[in-house]
Amino acid sequence: MNPAAEFSAAGLTLALPKGRIFEEAVDLLSKAGLPLYLPEKSRALRFEMGGVQVLELRNQDVPVYVDLGVADAGVVGKDVLAESGRSVYEPVDLKFSACRLSLIREVGAHGPLGRVASKYPRLTRQYLAEKGLSAEVVKLSGNIELACLTGLADAVVDLVQTGSTLVANNLEERDVVMRSTARFVVNRTALKLKRAALRPLIARLRELTE
Ligand SMILES: Nc1ncnc2c1ncn2[C@@H]1O[C@H](COP(=O)(O)OP(=O)(O)OP(=O)(O)O)[C@@H](O)[C@H]1O
Ligand SMILES: O=P(O)(O)OC[C@H]1O[C@H](OP(=O)(O)OP(=O)(O)O)[C@H](O)[C@@H]1O
């Protein structure tokens, strides 16, 4: 049985992050039965597709929109979700955008960690506390690896996938803080109020990603 044929998604609002997750999220959600397609390039931030509203957001804003109920559901990396600390329901691991959040230092660097830079200050603090380390954590917004190269920090906590950014910058991965993949997230109240649309969608996404 194909549950996709059994439900109407009209009335759902989805939060999707622009960037590398967007296309794959649209592809998977449309395979799961939603009337979604890749929009033409434009400056529009909100699309209506077959009764489904799509909000195009920055990654870190997806958990906020879903938790506060402005979006019923969304797609976001586990790394960003964990950093947000938001209590959204996370029913499906979509398995794509796999990467790891790691502690990175210059090749051969040693000595204590006085300062650690990251786009993920909360996860970095948690990690350092677990390891009994008392380094200062500095939040940066992009090209985090540069903090190591310039001496701004003794280490960084950043994403690694192929490792080619590390190799190109004479850096090495010292420890894995967490592993991440894209997740389908749902507002807890919407799960009850829009059950007829969300339950079969979750079931279909689980089938597709098993
Ligand atoms: N090199 C990578 N390979 C695979 N997945 C990645 C990689 N880099 C990031 N990701 C995953 O994809 C998500 C989105 O990454 P993307 O590069 O689109 O975000 P960004 O542009 O850095 O974020 P922002 O919204 O802050 O501008 C990350 O949160 C992570 O889960
Ligand atoms: O191990 P790799 O395959 O080299 O991937 C890791 C890189 O990918 C991400 O950056 P991205 O290319 O998204 O640029 P960004 O820093 O602007 O997010 C991440 O921040 C790393 O720098």
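The protein chain folds into 8 helices and 11 strands, where helices (H or I, at least four residues) and strands (E, at least two) are DSSP runs numbered from the N terminus. This is a predicted model, in which local features need pLDDT of at least 70 and side-chain atom pairs count only at pLDDT 80 or more, while totals for chains, interfaces and linings use all residues. Residues are numbered from 1 along each chain as its sequence is written, and chains are lettered from A and ligands numbered from 1 in the order in which they are written.

**The chain as a whole**
- Taken along the principal axes, the C-alpha atoms fill a box of roughly 60 × 35 × 30 Å.
- Of the 210 residues, 39% count as buried, meaning that 20 or more other C-beta atoms, placed from the backbone, lie within 10 Å of the residue's own.
- Contacts are pairs of residues whose C-beta atoms, placed from the backbone, lie within 7 Å; among those between residues at least 6 apart in sequence, 70% join residues at least 24 apart.

**The sheet of 6 strands**
- This open sheet has the strand order 2-3-1-4-11-5 with mixed pairing, and two strands pair if DSSP finds at least two bridges between them.
- Strand 2 (46–49) and strand 5 stand at the edges with a single partner strand each, so one side of each has no neighbour in the sheet.
- The twist averages 25° from one strand to the next, with axes fitted as lines to C-alpha atoms (for helices over the stretch in contact) and angles running from 0 to 180 degrees between N-to-C directions.
- Strand 2 and strand 3 (residues 52–57) run antiparallel and are joined by 4 bridges; here R46 has L55 of strand 3 as its bridge partner.

**Helix 8 against that sheet**
- Helix 8 packs on the sheet of 6 strands, touching strand 4, strand 5 and strand 11, and its direction makes about 35° with that of strand 5.
- The buried residues of helix 8 are A197, L198, P200, L201, R204 and L205.
- Their cover includes helix 1 (22–31) and helix 7 (188–193), along with strand 4 (73–77), strand 5 (89–93) and strand 11 (182–186).

**The sheet of 5 strands**
- Another open sheet, also mixed in its pairing, runs in the order 8-7-9-6-10.
- Its edges are strand 8 (136–139) and strand 10 (171–180), each with a single partner strand, so one side of each is left without a neighbour in the sheet.
- Strand 7 (residues 115–118) and strand 8 run parallel, joined by 4 bridges, and S118 stands opposite K139 in strand 8.

Notes. A residue is buried if 20 or more other C-beta atoms lie within 10 Å of its own, exposed if 12 or fewer, and partly exposed in between; C-beta atoms are placed from the backbone. Two residues are in contact if their C-beta atoms, placed from the backbone, lie within 7 Å.
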